[in-house]
Amino acid sequence: MAEEAYKRPSWDEYFMEVCDAISKRATCDRGRSGCVIAKDNQILVTGYVGAPAGLPHCDEAGHQLKQMIHEDGSVTTHCVRTVHAEQNAICQAARRGIAIEGATLYCRMTPCRTCSMLIINCGIARVVCQRRDHDALDSEAMLKLAGIRLEYVYNEVQQYEKQ
């Protein structure tokens, strides 16, 4: 039996694997998300879901759930105790003086509306997500309108409790 030749991961596969490793540090079990921002095949910054520095995490204090009512009458549930992985990565870039304009952002699911606005304003050129979020329509429309390429590894919705 012939041994299969080793296949190096593509850059997207590589950065998504790093994103998965980063997500293991997340402190909210509703998606345990991680984020990598890379440019020119180099990692610039990373981030994961967690409470603001010094404040209690979901894993310690429980979720702080809020419901959002959409224009079409649908209702979605969100944990607001945490800073999202994308927000934390963008904050790390700002704190360390790292320019992320023109970079690609890798994340586990479609960025939320607020994260999408930050992505637009900091000049990210491309977003690669593992899966769709249950509340992705606003973000997808916004990113498209802003000319940011949005790609999915898997064309399915990320599943977690109390969506």
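Helices and strands are here taken as DSSP runs, of at least four residues for a helix and at least two for a strand, and they are numbered from the N terminus. On this basis the protein chain of the predicted model contains 5 helices and 7 strands, which follow one another from the N terminus in the order α-β-β-α-β-β-α-β-α-β-α-β. The radius of gyration of the protein chain is 16 Å, close to the 15 Å given by the globule rule for 163 residues, and the chain is therefore as compact as a globular protein of that length. Along its principal axes, the C-alpha trace spans about 55 × 40 × 35 Å.

Of the 163 residues in the protein chain, 41% are buried. When contacts between residues at least 6 apart in sequence are considered, 57% of them join residues that are at least 24 apart. The accessible surface of the protein chain amounts to about 9700 Å², and carbon and sulfur atoms account for 50% of this area. With regard to charge, the protein chain carries 19 positive and 21 negative side chains, and the centres of these two sets lie 5 Å apart.

Helix 5, which comprises residues 137–145, illustrates how burial can be distributed around a single element, for S139, E140, M142 and L143 are buried in this helix. Seen down the axis of helix 5, these buried residues fall within an arc of 165°, so they line one face of the helix. Such a pattern can be read from the geometry of the element, because an α-helix has 3.6 residues a turn and residues three or four places apart therefore point the same way. The cover over the buried residues of helix 5 includes helix 4 (113–121) and strand 7 (149–152). On the face turned away from the buried side, by contrast, helix 5 carries the exposed residues L137, K144 and L145. Just after helix 5, G147 adopts a positive phi of about 80°.

A further position considered is C91, which lies in helix 3 (residues 85–96). The relative accessible area of C91 is 41%, and because partly exposed denotes values between the limits of 20% for buried and 50% for exposed residues, C91 is classed as partly exposed. Although C91 and V45 are 46 residues apart in sequence, their C-alpha atoms are 9.3 Å apart in space.

Terms used. Residues numbered from 1 in each chain as written. Predicted model: local features only at pLDDT ≥ 70, side-chain atom pairs only at ≥ 80, totals over all residues. Heavy atoms only, no water. Rg over C-alpha atoms; globule rule 2.2 N^0.38 Å. Buried < 20%, exposed > 50% of the residue type's maximum accessible area, 1.4 Å probe, protein only. Contact = heavy atoms within 4.5 Å. Areas by Shrake-Rupley, 256 points an atom, 1.4 Å probe, with all protein chains shown as cover. Lys, Arg positive; Asp, Glu negative; His and termini not counted. Charge placed at Lys NZ, Arg CZ, Asp CG, Glu CD. Arc of directions from axis to C-beta.
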